[in-house]
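These are my notebook entries on a single model. I record what I looked up, entry by entry.

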Amino acid sequence: MEKDGINTQDVLSMRGAGYYSERTAGARNVINDAGAMVVAAIDDLPNSDTLRIADYGAADGGTSQQMWNMVIGSRRDAGDKRQVEMVYTDLASNDFSTLFRMMQGMQGDHKHAYQNNFENVFVHGCGTGFHKQLMTSASLHLGFSATAMHYVSAKPMEIPNHVHAACADAVSKLAFAKQAALDWQNILLARAAELVPGGRFICLNFGIDDEGRYLGNTGGKHMFEHFHKIWKALYSKNNITKDEYERATFVQYYRTMEEFCAPFADPNSEVSRAGLVLKSSSSKLTKCPYKAAFLNAGGKMSSMEYAQSLIPTMRSWSETVFKTALKGRDSSEINNIVDSFYQSYAEEVADCPEGHAMDYVHIILDIEKSIA
Ligand SMILES: C[S@@+](CC[C@H](N)C(=O)[O-])C[C@H]1O[C@@H](n2cnc3c(N)ncnc32)[C@H](O)[C@@H]1O
């Protein structure tokens, strides 16, 4: 993960101690909505003595916990008493301690602590990145991943005039696109090795839909343009240096549907030859729950209260990018700058909430490891 002295793990980790899942209702909704698809895929699996499931890029596990509780519950209701092994994967820098506490009902919403709710469920963690094979060959029945595989394994370059590849100049965009294509191939080949014949991999990834929409850019005010504008203003006011301005580059790439599907379209690609088949693909827009709550409050919520609910959800996954860009400064100085950055965004939302939101755009793929 080290490239040009940059540890990409620092740049992309979620804020720990449960902050991530407490403030990401949208991510939880996306996962809960996929529950029926997961149940149907498990129904379709070939017979096996045990059921091994992996949740790749699970962060603190809080956003998918309700869905897994529902899925395991539905297996038990159907009379399926098999032992279930749940493997949570994320980067070594992830807060696995919070994850294990949540699954045992020691933190978060203990209603969904399925390790307590059901017998014969075994929870494990794996701190190796998902671009590699993580489990023994042909041992995984169902892989799942939500909102994680837009992270590329290495930052190919700093984007000189923006914070995100989706809005970058052509040269930067191409560099990220190449990295993302290689990473996608590696992700798929690793899953092909791990899955049993007939096993499934369901992933809900951030991406760009056919209308060109992506996270925070769905017709209203553009979130990444705001991030950039406010970060650049700090540079213009000499609050940060040029290097710090440029180092705020998200280690992410939003693939298009075509980019996601390309390895499956060619029967001679390495991915097809490894036995992976795309069963279905679709895109989905999930409306920002914080915006919906603001609109539903019908005047009972002030625009400042709305800003104070919306900005933390953006901050939960983006602040490490800005903090890392300031590396080398005293930590209190870093915190002050980053606090002022999000405060400026909150003030803009409070002044004029119209159009501010963080709608999600996902590309949903259901992939099977063929039996033959
Ligand atoms: C936005 S969070 C999504 C968490 C959760 N799956 C959800 O949908 O709410 C993205 C997660 O992917 C993880 N991640 C990023 N790159 C990864 C990699 N190469 N291997 C494993 N996890 C990774 C991050 O550390 C983070 O926890």
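**Entry 1: Ala-350.** In which helix does Ala-350 lie? I find Ala-350 in helix H15, which covers residues 331-351. I note that the model is a predicted one. I then looked up the burial class of Ala-350. Ala-350 counts as partly exposed because 18 C-beta neighbours fall inside 10 Å, whereas a buried residue would need 20 or more. Leaving aside residues up to four places away in sequence, I list Ser-303, Met-304 and Ala-307 as the residues that Ala-350 touches. I also looked up Glu-305, which is 45 residues from Ala-350 in sequence. The C-alpha atoms of Ala-350 and Glu-305 are 7.8 Å apart in space.

**Entry 2: Glu-258.** I place Glu-258 in helix H11, residues 257-265. Is Glu-258 buried or exposed? Glu-258 is exposed, because 10 other C-beta atoms lie within 10 Å and the class admits 12 or fewer. For a pair distant in sequence I took Asp-210, which is 48 residues from Glu-258 along the chain. I note a C-alpha separation of 9.5 Å for Glu-258 and Asp-210.

**Entry 3: positive phi.** Most residues other than glycine have a negative phi. I therefore recorded two residues under this heading, Thr-147 and Asn-238, with the general tendency in mind. Thr-147 is not a glycine, yet its phi is positive, at about 55°. I locate Thr-147 in the loop that runs between strand S6 (140-146) and helix H8 (170-194). Thr-147 counts as buried, because it has 23 C-beta neighbours inside 10 Å.

Asn-238, likewise not a glycine, has a positive phi of about 60°. The loop that holds Asn-238 lies between helix H9 (223-236) and helix H10 (242-247). Why does Asn-238 count as exposed? I find 7 C-beta neighbours inside 10 Å, so Asn-238 falls in the exposed class.

**Entry 4: ligand surroundings.** Which residues come nearest to the ligand? Of the 23 residues around the ligand, I note Gly-57, Ala-59, Thr-63, Gly-129 and Ala-148 as those that come nearest. Sorted by class, the shell around the ligand contains 12 nonpolar, 10 polar and 1 charged residues.

**Entry 5: confidence.** I read an average pLDDT of 93 for the protein chain. A score of at least 70 is reached by 94% of the residues. Over residues 1-7 I find that pLDDT stays under 50. For residues 1-7 the model has 11 contacts beyond four places in sequence.

Note on methods. Residues are numbered from 1 along each chain as its sequence is written. This is a predicted model: local features need pLDDT of at least 70, side-chain atom pairs count only at pLDDT 80 or more; totals for chains, interfaces and linings use all residues. Helices (H or I, at least four residues) and strands (E, at least two) are DSSP runs, numbered from the N terminus. A residue is near a molecule or strand if its C-beta atom, placed from the backbone, lies within 6 Å of it. Ala, Val, Leu, Ile, Met, Phe, Trp, Tyr, Cys and Pro count as nonpolar, Asp, Glu, Lys and Arg as charged, and the others, Gly among them, as polar. pLDDT is the predictor's confidence in each residue, from 0 to 100. Two residues are in contact if their C-beta atoms, placed from the backbone, lie within 7 Å.
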